[in-house]
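Colleague: Please take one part of this chain and look at it closely. I would like to see how the part is placed among its neighbours, starting from the chain as a whole.

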Amino acid sequence: MQHTLPLLGRIDAPSVVPPSLLKHIRCYRAAVRLCWALRRAKGLRVSDLGRDHGFTRQHVSDYLNDDDLPTRRSLPAEQIHLFEDVCGNTAITQWLAGRHRFTLLEELQAERALA
């Protein structure tokens, strides 16, 4: 009997999130919460992010809070890669790219056009 894994496994980098999990995400903060919810290390806590990875606990609490009040902080763009590395998935980056309907094929074609 084979078991399906929730994320496409990559060991050397964050895993890609299946598009079906992203299609209901409507805002950036929800993408950040999804990234956190899908973290590889389920025992990882908000306090661990501060202690081990340089995030401020209060800031991370704002990033992950469900209420989305205007007074809540959002994960800064320059910290997306670190947050995704810690969580072990690329939910935020995929959501941002999907918002503009970029595809991997389009990125490869654009790269080839420069060569």
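Modeller: A residue is called buried when its relative accessible area is under 20%. By that cut-off, 36% of the 115 residues of the chain are buried. Keep in mind that the model is predicted.

The chain has seven helices and zero strands, so its pattern along the sequence reads α-α-α-α-α-α-α. Its accessible surface is about 7,900 Å², and carbon and sulfur atoms account for 57% of that. Take the contacts between residues at least 6 apart in sequence: 61% of them join residues at least 24 apart.

The part I pick is helix α5, residues 80–87, together with what lies around it. Start with α6, which covers residues 91–99. Two packed helices are described by the angle between their axes and the distance between the axes. Here the axes of α5 and α6 come within 8 Å and cross at roughly 130°. An angle between 115 and 145 degrees falls outside the parallel, antiparallel and perpendicular classes, and α5 and α6 are therefore oblique to each other. On the α5 side, Ile 80, Phe 83 and Glu 84 make the contact. On the α6 side, the residues are Ala 91, Ile 92, Thr 93 and Leu 96. Sorted by kind, the residues of this contact are five nonpolar, one polar and one charged.

Another residue of α5 is Asp 85. With a relative accessibility of 47%, Asp 85 counts as partly exposed. Its C-alpha lies 5.7 Å from that of Pro 14, although the two residues are 71 apart in sequence.

Next comes α4, residues 57–64, where Val 60, Asp 62, Tyr 63 and Leu 64 are buried. The buried residues of α4 pack against α5, and also against α2 and α3.

That leads to α2, residues 28–37, which contains Arg 29. Is Arg 29 buried or exposed? At 9% relative accessible area, Arg 29 is buried. Among its contacts beyond four places in sequence are Asp 62 and Tyr 63, two of the buried residues of α4. Asn 65, Asp 68, Arg 72, Arg 73 and Ser 74 are also in contact with Arg 29. With Arg 73 there is a polar contact: the side chain of Arg 29 comes to 2.7 Å from the backbone oxygen of that residue.

To trace the path again: α5 meets α6 at an oblique angle, the buried residues of α4 pack against both α5 and α2, and Arg 29 sits in α2.

Notes:
Residues numbered from 1 in each chain as written. Predicted model: local features only at pLDDT ≥ 70, side-chain atom pairs only at ≥ 80, totals over all residues. Heavy atoms only, no water. Helix = DSSP H or I, 4+ residues; strand = E, 2+ residues; numbered from the N terminus. Buried < 20%, exposed > 50% of the residue type's maximum accessible area, 1.4 Å probe, protein only. Contact = heavy atoms within 4.5 Å. Areas by Shrake-Rupley, 256 points an atom, 1.4 Å probe, with all protein chains shown as cover. Axes fitted to C-alpha atoms, helices over the stretch in contact; angles between N-to-C directions. Parallel < 35°, antiparallel > 145°, perpendicular 65-115°, else oblique. Nonpolar A, V, L, I, M, F, W, Y, C, P; charged D, E, K, R; others polar. Polar contact = N/O pair within 3.5 Å; in protein donor to acceptor, adjacent residues only side chain to side chain.
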